[in-house]
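Reader: I would like to go through this structure and ask what the labels rest on. Please show it before we start.

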Amino acid sequence: MNEQRCSCAWPAEMRAERAAAYCDEASVASFLQHVARGIYPPPLISDCDPKWHRTRLDAAIDARHGLSGCAAADQDVVDLI
């Protein structure tokens with residue numbers, strides 16, 4: 001079985017430290033540099049700490065690999081067969 005991101009184990013919104021880990025970045029600084037370069041989306045900044053939404057991070061990762069949300073789901077189904 002190939003390794004996959006299991007979104008059920010990750011919160012819907014994450015501070016920089018957890019978002020960096022979710023994206024498998026080497027460090028928070030590396031993650032934030034990629035955010036500044038537009039590789040990952042910017043966080044939502046409200047009354048609390050800046051937070052990234054898991055779905056937006058997934059979309060950025062999928063787009064970087066040329067996948068759409070549906071294409072990624074199709075691939076998972078094929079892997080199970």
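**Labels and the values behind them**

Author: Leaving aside neighbours within four places in sequence, Ile 39 is in contact with His 34, Ala 60 and Arg 64. The model is a predicted one.

Reader: What makes these residues contacts of Ile 39?

Author: Contact requires heavy atoms within 4.5 Å. His 34, Ala 60 and Arg 64 are in contact with Ile 39 in that sense. Ile 39 itself is in the loop between α2 (28-36) and β2 (52-53). Ile 39 and Ala 63 are 24 residues apart in sequence, and their C-alpha atoms are 9.6 Å apart in space.

Reader: Why is Ile 39 called partly exposed?

Author: Buried means under 20% relative accessible area and exposed means over 50%. Ile 39 has 25% relative accessibility, so Ile 39 counts as partly exposed.

Reader: How do you know which of the labels buried, partly exposed or exposed fits Cys 23, and which fits Cys 48?

Author: By the cut-offs for buried and exposed, under 20% and over 50%. Cys 23 is at 8% relative accessibility and therefore counts as buried. Cys 48 has a relative accessible area of 41%, so Cys 48 is partly exposed.

Reader: How many disulfides does the structure hold, and what would make a pair of cysteines one?

Author: The structure holds 0 disulfides. A pair would need its sulfur atoms within 2.5 Å.

Reader: What does Cys 23 touch?

Author: Not counting residues up to four places away in sequence, Cys 23 touches Phe 31, Tyr 40, Leu 57 and Ile 61. Cys 23 is also one of the residues that touch the most other members of the largest nonpolar core, together with Ala 19, Phe 31, Tyr 40, Trp 52 and Leu 57. That core has 13 residues. The helices α1 (16-22), α2 and α3 (54-64) each supply at least two of its residues, and α1 gives the largest share, 4 residues.

Reader: What makes a set of residues a nonpolar core?

Author: Its members are buried residues of the nonpolar kinds, cysteine included, joined through side-chain atoms within 4.5 Å. In soluble globular proteins, nonpolar side chains tend to be buried together.

Reader: Which residues of α2 are buried, and how do you know where they lie around the axis?

Author: The buried residues of α2 are Ser 30, Phe 31, His 34 and Val 35. They cover an arc of only 145° around the axis, and therefore lie on the same side of α2. Gln 33 and Ala 36 are exposed on the other side of α2. The cover over the buried residues of α2 includes α1, β2 and α3. After α2 comes Gly 38, with a positive phi near 90°.

Reader: Why is Asp 24 called exposed, and what is its phi?

Author: Exposed means over 50%. Asp 24 is at 67% relative accessibility, so Asp 24 counts as exposed. Asp 24 lies in the loop between α1 and α2. Its phi is positive, about 60°, although Asp 24 is not a glycine.

Reader: What is the pattern of the whole chain, and how many of its residues are buried, as a percentage?

Author: The chain has 4 helices and 2 strands, in the pattern β-α-α-β-α-α along the sequence. Buried residues make up 27% of its 81 residues. The accessible surface comes to about 5,700 Å², and 55% of that belongs to carbon and sulfur atoms. Of the contacts between residues at least 6 apart in sequence, 43% join residues at least 24 apart.

How values were computed. Residues numbered from 1 in each chain as written. Predicted model: local features only at pLDDT ≥ 70, side-chain atom pairs only at ≥ 80, totals over all residues. Heavy atoms only, no water. Buried < 20%, exposed > 50% of the residue type's maximum accessible area, 1.4 Å probe, protein only. Areas by Shrake-Rupley, 256 points an atom, 1.4 Å probe, with all protein chains shown as cover. Arc of directions from axis to C-beta.
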